[in-house]
Amino acid sequence: MKTIFDITQSVKDGSVTAREVVLESLRRIKELNPQINAFVETWPEEALQRADEIDARRNRGEKLGPLAGVPVGIKDNILYKGHKATCCSKMLANYVAPYSASVVEKLLAADAVIVGRTNMDEFAMGSSNQTSVYGPVHNPVDFDRVPGGSSGGSAAAVAAGMVPLALGTDTGGSVRQPAAFCGVVGIKPGYGRISRYGVVAFSSSADQVGVLTNDVSSAALALEVLCGRDENDSTSLEDAVPPFTDKIHQDIKGLKVGMPKGFLDDLGEEVKEKILSAAQTLQNLGAEIVEVDVPHAKYSAPCYYIITSAEASSNLARFDGLRYGYNDLSATDLNASYELNRAPFGEEVKKRIIIGATALKAENYKECYLQAAKVRELIKQDFAKAFEQVDVILTPTSPTTAFRLGEHKDNPLAVYLADLYTCQGNIGGLAGISVPCGEDKLGLPIGLQFYGPILQEEKILNVAYQFEKAL
């Protein structure tokens, strides 16, 4: 699959039609999806009709948008009017979106072609894409391994060349971690940069739409399209969106890159070796490596799971069988109705609802939720102090490469720790990008992550692009 820039240029100059591009995307999905299970549904007739409309406009000499003819997959928790959005859960098996998410509207306005919805962990809760009601996603690099999660379907679709661009959501690393496992680029901008309107909520204070692509310049272009103020989302930021695609070409001589103290201590040797090699590459490009201290970051994972589970228990309370979603009418009283109509939630979702509800109980609130909220502020302060010394921060994306499907079935903690380095970004409200930095001896991709302050996504895009070029 060509890059986004190649596609849009070819469609605009007429050397290829949008129909031809979309047909190739649909062909690859038909060929590869039975093995990978990245897409849960495609809309070929609609996609081809839209491609024909784009071609007709080009033939009339009309100006096309920045994503003209680009096939896109959207995660199954992003609403697209008239299409199913099930969050890969039995709870929403027949739910059809009554309106489109702001990100979908922006894609369409940019002349992208949405070809289908991608698989995900149920309600975005998971780090391996094994909790979907549609079955697990298989990593295109090794079909016996997980693609990461919860946006594993989107990452796998890009890695397999089914689409050059896919949208995901990132609450604790759910764009960046699968990007690392599948060997693609994944970016989560700072909280509020992209509207969450029309995205099914998991944890409202941490959720953020992100993008997955094959290269950094494509990610920069996608962010230019998607970022910006949205009056439908009170948390979206009013700040102007810079020309990310222009700023990535600056050299990084004199750039200060922070490496947090102790972050490499518990890594496997192969991952550690690649991270240190990446740091040396950055030095060769003129960057300065500086050790920084973020002492409370080690508490990010427990802090993340308490806060996000508490918010999930609140957000998912609406799925009660009375208003929308699954509805079993056989109950004879209210308690029985709740029991029947919340039963379709999967094990992982139920687990997090219970954790969250327990943390919010009156007798536990101060000890659990309030303490986690205080630690969150300390983590934010640590990163703020670090960014007074450096421009960006370098970390691993995940402590390991992709593990085998079912490998940690009896050890959920091992799966949770796959987000060890990424959940810090959501807790701290940072911008983060994962880029490939090599492979282990089995040929499995290893991801390198750059963090930057909110509203400074151009810095992490710039350093990621220059690193990508140097590989």
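**Aspartate 121 and the open sheet**

The side chain of aspartate 121 reaches the side chain of threonine 131 in a polar contact of 3.0 Å, in a model that is predicted.

Me: Which side chain of opposite charge is nearest to aspartate 121, and how far away is it?
Reply: Aspartate 121 is found in the loop that runs between β3 and α5 (152-159). Although buried, aspartate 121 has no salt bridge, a bond that would need a side-chain nitrogen of Lys or Arg within 4 Å of a carboxyl oxygen. The nearest side chain of opposite charge belongs to arginine 352, at 7.2 Å.

Me: Which residue stands opposite glutamate 41?
Reply: Strand β1 (39-42) is one of the edge strands, pairing on one side only. Its pairing with β3 (residues 113-118) is in the antiparallel sense and extends over 3 bridges. The residue in β3 that stands opposite glutamate 41 is arginine 117.

Me: How many degrees does the twist average from one strand to the next?
Reply: The sheet is open, has 11 strands with mixed pairing, and follows the order β1-β3-β2-β4-β6-β5-β10-β11-β9-β7-β8. Its edge strands are β1 (39-42) and β8 (288-292). From one strand to the next, the twist averages 30 degrees.

Me: At about what angle does helix α9 run to β11?
Reply: Helix α9, made up of residues 269-284, lies across β7 (256-260), β8, β9 (392-396), β10 (431-439) and β11 (445-452). Relative to β11, the helix α9 runs at about 50 degrees.

Definitions and conventions
Residues are numbered from 1 along each chain as its sequence is written. This is a predicted model: local features need pLDDT of at least 70, side-chain atom pairs count only at pLDDT 80 or more; totals for chains, interfaces and linings use all residues. Side-chain values use heavy atoms; hydrogens and water are left out. Two strands pair if DSSP finds at least two bridges between them. Helices (H or I, at least four residues) and strands (E, at least two) are DSSP runs, numbered from the N terminus. Axes are lines fitted to C-alpha atoms, for helices over the stretch in contact, and angles run from 0 to 180 degrees between N-to-C directions. Contact means heavy atoms within 4.5 Å. Buried means under 20% relative accessible area, exposed over 50%, partly exposed in between (1.4 Å probe, protein chains only). Lys and Arg count as positive and Asp and Glu as negative; His and the chain ends are not counted. A polar contact is a pair of N or O atoms within 3.5 Å; within protein, one must be able to donate a hydrogen and the other to accept it, and residues adjacent in sequence count only if both atoms are side-chain atoms.
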